[in-house]
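Dear colleague,

I am passing on to you the structure we spoke about, with the sequence alongside. My notes on what was found in it follow below, and I would be glad if you read them with the model open.

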Amino acid sequence: MVWMPMLAAFLAAAPMPADAQPREEQVLTVPGFADFLAVDGDSVWATNKGRVERWSRAGKLAEVAMGHPCGAMAIAEGALWVADCKEGTLNRIDLKTARLVASIPTGIANPLGELNVVAGAGSIWVASDNAGRIARVDPADNRVVATVAVDPGTHYLAFGLGALWAVSSGKQSLQRIDPTTNAVTGRTTLGKQPGFLAAGEGAVWVQEQGDGTLARIDPASVQVTGRVKVGTDLLYGDIDTGGGLVWLRTTADQNFVMVDPTSLAITGRLGKASGSGALRYAGGGLWTSAHDVHTLSWWSLAPASPVSVTN
């Protein structure tokens, strides 16, 4: 475990918001292939080779064996919900005991592992069939209670702003799904190779990975209202919202980027590029993974403090 002060050279020229100033990075060495993340209080769960692991800033707390944990995970109903790309199942892990308590045969739309499990409207959702299906699971009895028809190649999901949101990279589409009817109620066309998305800070945000842009979509009209160019591409990164910002895990030039949701200004470019990985906002800080260099990082955030000057 290594403590590294944040260097000014890592920051963009634009000022960062007063309520979210990165102060330092704590790096934990994580053997294997730590990738997707889910925040659990002061700790974080990470997918790894043949297991999921729970980490705190003091070290590893637990691990649970799985065939091939894959994709972004969700925490709901006292459980961690994670896809198993080897078994084609949605797995439920009890947070208190760190034990696998259910393995639900949903199917997995993308066996390569780029997908999301999300929670919302009292259900757990996972893209279950590459032909265009999303499985809705009731956590009360761990049973698939509905199947939503969507565009072929839909792998990426987010829940927020009163709806389930789904992206098909092949069809370059964002779809809004009404959880009361399990039907698509809106759709818009996106840029090249859209991928991971987030719903928060008043909009839906999609990484247009092939174009290197972040697209902002209005949840009511389901229309793109703005874009910001982040880099040459945004392949194999991640996205989250919180604290008045949009957070983008990147693979080139820096570790992650901060974007103002109103102005679409990039307010910070932080950390050294460290290959592919994930990112999750956690209130007082940010977790990032970097499986290519076998690390997990905690980035402390703090409100700006007045600078006192003495003569």
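Leaving out residues up to four places away in sequence, His291 touches Gly32, Phe33, Ala34, Asp35, Ser276 and Gly277. Please keep in mind throughout that this is a predicted model. His291 itself lies in the loop between β28 (285–290) and β29 (295–302), and it counts as buried because its relative accessible area is 7%, where the cut-off for that word is under 20%. Its side chain makes a polar contact of 3.3 Å with the side chain of Ser276, and a further polar contact, of 2.9 Å, joins the side chains of His291 and Asp292.

The hairpins come next. Strand β17 (residues 173–178) runs antiparallel to strand β18 (residues 183–189), the two being joined by 6 bridges, and Asp178 has Ala183 in β18 as its bridge partner. There are 4 residues between these strands, and within that turn Asn182 has a positive phi of about 60°.

β19 and β20 are likewise paired in the antiparallel sense, over 5 bridges, with Gly200 standing opposite Ala203 in β20. This hairpin has 2 residues between its strands, and Glu201 takes a positive phi near 50° there. On its other pairing, β20 is joined by 5 bridges to β21, again antiparallel, and here Gln207 has Leu214 in β21 as its bridge partner. The hairpin of β20 and β21 has 4 residues between the strands, and in it Gly212 takes a positive phi near 70°.

Are the residues of β20 buried or exposed? The strand is mostly covered, with 6 of its 6 residues buried, and this holds for both faces, since Ala203, Trp205 and Gln207 on one side and Val204, Val206 and Glu208 on the other are all buried.

On the nonpolar interior, the largest core has 31 residues, of which Leu174, Leu197 and Leu214 touch the most other members. Two or more residues are given to this core by each of β15 (154–160), β16 (163–168), β19 (194–200), β20 (203–208), β21 (213–218), β24 and β25 (256–259). A second core, separate from that one, comprises 16 residues and includes Ala74, Ala76, Ile104 and Leu115. To return to Leu214, and setting aside its neighbours within four places in sequence, its contacts include Trp205, Val206, Ile239, Val246, Leu248 and Val259.

Further along the chain, an open sheet of 4 strands has the order β23-β24-β25-β26, with antiparallel pairing. Because β23 (238–242) and β26 (266–270) stand at the edges with a single partner strand each, one side of each is left without a neighbour in the sheet. Neighbouring strands of this sheet are turned against each other by 20° on average, direction ignored. β23 is joined to the antiparallel strand β24 (residues 245–249) by 5 bridges, and Thr241 stands opposite Val246 in β24.

Lastly, the aromatic residues. The structure holds 7 aromatic pairs. One of them is formed by Trp247 and Phe256, which are tilted, at 6.1 Å centre to centre and with 50° between the planes. Trp247 and Phe256 are both buried, and together with Tyr281 and Trp299 they form one aromatic cluster.

With best regards

Conventions:
Residues are numbered from 1 along each chain as its sequence is written. This is a predicted model: local features need pLDDT of at least 70, side-chain atom pairs count only at pLDDT 80 or more; totals for chains, interfaces and linings use all residues. Side-chain values use heavy atoms; hydrogens and water are left out. Two strands pair if DSSP finds at least two bridges between them. Axes are lines fitted to C-alpha atoms, for helices over the stretch in contact, and angles run from 0 to 180 degrees between N-to-C directions. Rings of Phe, Tyr and Trp (its six-membered ring) pair if their centres lie within 6.5 Å; planes under 30 degrees apart count as stacked, over 60 as edge-to-face and the rest as tilted. Buried means under 20% relative accessible area, exposed over 50%, partly exposed in between (1.4 Å probe, protein chains only). A nonpolar core is a set of buried Ala, Val, Leu, Ile, Met, Phe, Trp, Tyr and Cys residues joined through side-chain atoms within 4.5 Å. Contact means heavy atoms within 4.5 Å. A polar contact is a pair of N or O atoms within 3.5 Å; within protein, one must be able to donate a hydrogen and the other to accept it, and residues adjacent in sequence count only if both atoms are side-chain atoms.
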